There are 2 protein chains.
Amino acid sequence: MDADTPFPGEPADSREAIMRATFLALKQYGYAGLSIQRIADKADLSKSTFYHHYDDKQDLLTAFVDYILAEFTRAFSMEASDDPLENFRTYVDLILDPESISELEDPSPATAVLGTYVELRAQAVQDETFRAKFTEIDRAFEDQLAEIIADGIAAGVFRDVDPDRTATFLLTMIAGHTFRRTTRDDDPTDAVRAEFDNYVERTLRHTPE
Amino acid sequence: MDADTPFPGEPADSREAIMRATFLALKQYGYAGLSIQRIADKADLSKSTFYHHYDDKQDLLTAFVDYILAEFTRAFSMEASDDPLENFRTYVDLILDPESISELEDPSPATAVLGTYVELRAQAVQDETFRAKFTEIDRAFEDQLAEIIADGIAAGVFRDVDPDRTATFLLTMIAGHTFRRTTRDDDPTDAVRAEFDNYVERTLRHTPE
């Protein structure tokens, strides 16, 4: 199972095994084809073990969204350094182009995470529980990135921009790229990346006068 | 029915009546709850009339995506002027913040279109036919916006940027805003809008030296 997921090491417990199985089932069957049975099969666990941990599919999926955020935060912490500019780049790369820094030989699972994210998030158009969860997730990402930008301003590598507004704008751009690339035949990453770097250079980077 | 849709006037024929009914059914029931019966009910048409026009749900929904693009293009043509900067703003407003220029007293249907768009587009993560359709739609939007930018460069109101790359970046940003706002509790439009205008001012607008 490990080669097909972007999550390192063995699952620590049955909750984590269920999270990884949820990822694999979402990747293979999509949101529409997701069932508790299929997740239990992927995790080699019984349905009763599953229901010991989660009330229903929605309970599982909101936990899964939290798991992805925690995995992301963990991956970022492992890469984080004392250099705010380096941290900014790592943070952006992790979401904008996870293949570029994946340590896996086959980086396609990192892209598949983005597809499952888009499918789950689209449920929030109709579902209030998902909407509340993704609002919370967005704010967590915004706070993390705003803090990195504020560090960069303090260190003199970024201009004196509004960290919150800049973080919101950048994450909106990244969300748009994620939404588009996972739902297109081609991959516009290179064009978007070039213009993204251009924006950072012009708007964010501090150029001593 | 008219007050609940963003489409002006009476439907010209039963195909258009089905398109409007599809919008209303998507808005009310979401993608998961969409059925031919519900669409037929909304359109006051029989299921057999429906099947006279469309093979199945997927055939209908790809036609619906084309309909939305055609409606958008029609709305833009009605507003378009000889002023490239004005055209740029109208085009962006129509997608980024349709309420701001809606002529309807209640602009919420314009926002609901964005929600149905997000739900439909998310199907493309798993479905190749949808993926091909949204790739085509993206390119149509990119071509339209690149042409407006090229007009602005020729008229001297925009800098000598790469029109295609700039259009791709702007549409990625707009897609991100659409994806986020339709799946959150709050509406980050004002913050995104302010930073978007900032980007246009710094990167795109020509400032005589």
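**Notebook: rings and the axis**

I began with two rings: Phe72(B) is buried, and so is Tyr91(B) (buried means under 20% relative accessible area, exposed over 50%, partly exposed in between, with a 1.4 Å probe and protein chains only). This is a predicted model, where local features need pLDDT of at least 70, side-chain atom pairs count only at pLDDT 80 or more, and totals for chains, interfaces and linings use all residues. Residues are numbered from 1 along each chain as its sequence is written, chains are lettered from A in the order in which they are written, and side-chain values use heavy atoms, with hydrogens and water left out.

Next I looked up the aromatic pairs (ring centres of Phe, Tyr or the six-membered ring of Trp within 6.5 Å; planes under 30 degrees apart are stacked, over 60 edge-to-face, the rest tilted). I noted 24 of them over all chains. Tyr199(A) and Tyr199(B) have ring centres 6.0 Å apart and planes at 50°, so I logged the pair as tilted. Each Tyr199 lies in helix H9 (residues 189-204) of its chain, so this pair joins two chains (helices are DSSP runs of H or I, at least four residues, numbered from the N terminus). Tyr199(A) is buried at 1% relative accessible area, and Tyr199(B) counts as buried at 1% as well. Back at Phe72(B) and Tyr91(B), I found an edge-to-face pair, 5.2 Å centre to centre with 85° between the planes.

Then I turned to the symmetry. A turn of 180° and a shift of 0.0 Å along the axis lay chain A on chain B with an RMSD of 0.0 Å (least squares on C-alpha atoms of residues with pLDDT of at least 70 in both). That is the relation of a two-fold axis. In chain A, Gly176(A) has the C-alpha nearest the axis, 1.6 Å from it.
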